[in-house]
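Here are my notes on the model you sent, set out as numbered points. Please read them alongside the sequence and the structure.

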Protein chains: 2
Amino acid sequence: MKRKDSQVAQKVKVDFTPQGESVSVPKGATILEAASLGDIPVEGPCGGRGTCGKCMVIAQGKLSPLSPAEKELLSAEERENGYRLACQAKVFDDVVVELSDQEGLKSQILTQATGSNAVLDTDVTKYHLVLPQPALEDQRADLQRIRDQLPQGDTLKAELEVLRKIPALLRESEFEITAVVAGAELTDVEAGNTAADSYGIGFDIGTTTVVGYLMDLNTGEQVGVSAALNPQSVYGADVISRLSFVIEHQDGTKKLQEKVIGILNELIEEACNQTGVDPQQIYQVTVVGNTCMHHLFLGIDPRSIAPSPFVPVATAPLCLKAQELGLDVHSRALVYTLPNVAGYVGADIVGGILATGLYQSSELKLFVDIGTNGEIVLGNRERLLACATAAGPAFEGARISCGMRATSGAVDRISFDSDVHYTTIEGARPRGLCGSGLLDAVAELLKVGVIEPSGRIVEPEAIGPLATDQIKRRIVAGESGPRFILAQAEESASGQPVCITQRDVRELQLAKGAIFTGIQLLEKELGIEDKDLAEVLLAGAFGNYLRKESALRIGLLPPLPPGKVKSVGNAAGEGAKIALISARLRERAAEIAQKIEYIELSGRGDFMQAFADNMFFP
Amino acid sequence: MKRKDSQVAQKVKVDFTPQGESVSVPKGATILEAASLGDIPVEGPCGGRGTCGKCMVIAQGKLSPLSPAEKELLSAEERENGYRLACQAKVFDDVVVELSDQEGLKSQILTQATGSNAVLDTDVTKYHLVLPQPALEDQRADLQRIRDQLPQGDTLKAELEVLRKIPALLRESEFEITAVVAGAELTDVEAGNTAADSYGIGFDIGTTTVVGYLMDLNTGEQVGVSAALNPQSVYGADVISRLSFVIEHQDGTKKLQEKVIGILNELIEEACNQTGVDPQQIYQVTVVGNTCMHHLFLGIDPRSIAPSPFVPVATAPLCLKAQELGLDVHSRALVYTLPNVAGYVGADIVGGILATGLYQSSELKLFVDIGTNGEIVLGNRERLLACATAAGPAFEGARISCGMRATSGAVDRISFDSDVHYTTIEGARPRGLCGSGLLDAVAELLKVGVIEPSGRIVEPEAIGPLATDQIKRRIVAGESGPRFILAQAEESASGQPVCITQRDVRELQLAKGAIFTGIQLLEKELGIEDKDLAEVLLAGAFGNYLRKESALRIGLLPPLPPGKVKSVGNAAGEGAKIALISARLRERAAEIAQKIEYIELSGRGDFMQAFADNMFFP
């Protein structure tokens, strides 16, 4: 959802074949963005810059005209056959996209998580039953008649509402019914044979963005996806400000819960409308999110998370009924929340560890989810350590002079040669700098010596030979110190230059220093060194989008070959999805949360010392 | 509740010491009736006729003046010391009754059921906890903090409402709380130490009468009891007419459920008011009743019980939450319904078998609950057979020419010598004949030869020498055959004689024939003879009140020595009580229902044949 603006954008539908998935995106999004949102694997090694030509798809519908990159990279024959580059073609109305040439690709992350043993192991099973009719020789009670036909037998429980429904339904349907069984509970009885229709929805409730994945519980396949901004943001952009809202308003928890339930219901409706699924046939829900989002979703007052010692109300995995929460799916749908680890390491991280399979890895790996908070997990199947660091909102463009969220016009990629080159989101005139652009900018400025390892912007006359004069000329004195002009006033949308200031560099130093220090302390706790790391997994939208080389260059991550750094996409969302289709993996999630040793960094002298050291760039 | 009229009577409270029980009864009831209602054992071999003097108690409060029987049987010293006969003294306002002389007595039935192994084994336990306060070194979530102090540990589940309550409660109470745990569920958390206050209520929902037994779950003792007529009777006096009401009215089930929930809530309020118990500290409820009452209590449409093959919706034991049913106790109190066996053998019978311990008896016993339906269970710990017979309402005084319910003025005991002697309820002028009077009358008429074994009332001139002339003179010709005058017009309240007609005798023959045939067929199924029976247990109000000798004389029961016939009081209610205080016994109830082999009599040729034979008197 990187490119979704906070205004309510008009939505269009992208149907992917042969996956059979339908993704709803704002009008004007690229096919690649739609694919990314739906976790549909489309190869794109150049990062969507239209240079590698590998994201070729066949697309039909109202699309943007061929871009210069497409004209260059697609043959006449390909163009005639409807081929487009997914990163270039924007959708202006409902379109159909064929990925047949890409079908060799598989969602790497899901494969990792479920491995070759992946079996569909849903909690929900529908049984089509033709029951023997009652007679004087067979006076079994209605419930018994059903139990006797099911593998759960007499352990099968039924809620009162189901019991009340049974007698009339059995007789109206002439004893041919479908029993919906979730775990050991008779969730419902339906007339006739409805066994083919069985769905679940997995939610990733992010502080900024909420995504719903509609899954077919009979096949384990994703059939639709919908996403939206988290409307709680009207009460505060980040976790801390939402906690403050709760503390300051008596009905704060209730208001925030209403917001999130409201948007989840919109996402349910949207995903169902896309796919023709009846929301009453969604029998299971899974939810991941950080601990605060988790509590707010449940209507549990999260205020105790805010002050030290940062204590949550509940970390254990919970199972509720949809009607308790007001979710517009089957009223008795089981709603599973994945477990939290601590106040600032939530179910989203557990979901990520589940999805990436880190908990069963023989090799040591590092999992980093970067946002306002950086959550870090280090370990393997033997041990898992976790910590959270307050990185601040720099990576999301906040507190940066020209910072902005990753929406249209944000400078998102920067490279230097003799001068500065950049791209913007949607190719619009530059409006500001988003997190990945900031990272690139500082990395390039370090490379050419405009920024010293201390973070100081060097005076043009003191800069070494790696920077050209063109680059040096971009350093200008500002009111509060020197700044570097990335886009000149005449290029920009506002007529103001897009700059990076000394203060911006300092903000980035704080952010990267906090995360790096967290990583370092976990390594120390585990008694390992950087070289012992087999892989670094970057999760979350930002982790997915940043340029690894830049992250390494500024010292956000330990010094490793870029090949060891891997983006794993929306690992939390993947966790929600696989926990939905596999009871076994949901149990794993509980084990993961139990296993993770949470290391509290606040108040640790060694953290503060290391943090001070790690503010420097490598 | 025999003597409660259908008008709303003014209630007074009888406090029994040393039991500490409080019983609410209509003003004017005798102390014996109050004791009987509260299942407080008061010896009374003469059956409340004021002849044996054994029911002596010390009573204080506004009572009826000394009756002639009391003046005769109590010494001057006893009278001075406040002794009264429980069967004679009527309560006109709240009174205190001391049973110290009677304390050797114990509720025979409860002793039978729980035996010497009786252990308090309630589902609900309250734990007073002083929790360690959170710190940076102890960041456990609130729920975890509680779980870690409880034997249930991480298996402890908590509903959302409890989770929502926890954070504020812990902090307001400075982490000193009482956890209410029912089974593996955290029912509630309460501030401070409330462990001493833990209650449950057991309900016996009869078609006519509803009784609630308030129990202290810490001691297993009954602390209060309340009873009322079942207000569903406005929609039909018996099960069949209530089923008809449901069939004929779309909202019939709902209406009947509202009635029963309404009266249960009144009984809860009454029992709590008597005893000062807070209804919010009632954490558990058990319910017995016949299958139709069971379904109506749950709001489950019972119509399928009515026509052949008499199939109920649910027979299995159920566990619900009070709030699902609208019971005004703790909203998350667990409500257990005991299992049913079949459409006409319900949870009340299962409760009776549990309470009498028949399921663990080494000897063969017969359990008979007589009402409009006669439910019969035969067996021992090896096997249990059950059947239901439609006895008709004769035993309740319906379809009998001078029949009436067992209320004030009903002729309830009859004996013949040279003439007829009778007693009436409350010693009022005779208004009619209740079930036990009818039984006595026919038994005596058989003895003296006024009625032949065929049931025919003999012409006076053909009667043998056992009947005196005074008795013979009571036979008069009526419009539809001969009738026998029990109370002359001048003795009666209405100025009309109280008679028994030929048709009345036929009604009784049908009723006793049905029950006896049921017994006979169960004996046949089990391959036993009358002489193999160690005991006959008579349950229910009527079973408790009839004269065994008369029941044996008319052939309602197999020909056995009267010493083998035993009244077991409200065995169903006892079942509800012991299932409340013992999870183990609640499991036994489930096993009993599984074990009972239900024999369907309808449509059986051998039943009809035997029934025809058994209409005759022995």
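1. In this predicted model, the centres of domain 2 and domain 3 of chain A, taken over C-alpha atoms, are separated by 48 Å. The assignment divides chain A into domain 1 (1-104), domain 2 (124-191), domain 3 (362-392 + 510-614) and domain 4 (395-508), with domain 3 thus given as two segments.

2. As to how the two chains are related, a turn of 180 degrees with a shift of 0.0 Å along the axis lays chain B on chain A with an RMSD of 0.1 Å, which is the relation of a two-fold axis. Among the residues of chain B, the one that comes closest to the rotation axis is B:Glu324, whose C-alpha lies at 6.2 Å.

3. The contact between the chains draws 35 residues from chain B and 35 residues from chain A. On the side of chain B that touches chain A, α5 (142-147) and α6 (160-172) each supply at least two residues, and α6(B) gives the most, with six residues. By residue class, that side of chain B comprises 21 nonpolar, eight polar and six charged residues. Because 100% of the interface residues of chain B are also interface residues in chain A, the copies meet through the same surface.

4. Within chain B, helix α7 (residues 239-248) has B:Val239, B:Arg242, B:Leu243 and B:Val246 buried. Seen down the axis of α7(B), these buried residues fall within an arc of 100 degrees, so they line one face of the helix. The general background is that an α-helix has 3.6 residues a turn, so residues three or four places apart point the same way. The buried residues of α7(B) pack against α8 (252-275) and α9 (291-298) of chain B.

Definitions and conventions: Residues are numbered from 1 along each chain as its sequence is written. Chains are lettered from A and ligands numbered from 1 in the order in which they are written. This is a predicted model: local features need pLDDT of at least 70, side-chain atom pairs count only at pLDDT 80 or more; totals for chains, interfaces and linings use all residues. A residue is buried if 20 or more other C-beta atoms lie within 10 Å of its own, exposed if 12 or fewer, and partly exposed in between; C-beta atoms are placed from the backbone. Helices (H or I, at least four residues) and strands (E, at least two) are DSSP runs, numbered from the N terminus. The arc is that of the directions from the helix axis to the C-beta atoms. Two residues are in contact if their C-beta atoms, placed from the backbone, lie within 7 Å. Ala, Val, Leu, Ile, Met, Phe, Trp, Tyr, Cys and Pro count as nonpolar, Asp, Glu, Lys and Arg as charged, and the others, Gly among them, as polar. Domain bounds come from an automatic or database domain assignment. Copies are superposed by least squares on the C-alpha atoms of residues with pLDDT of at least 70 in both.
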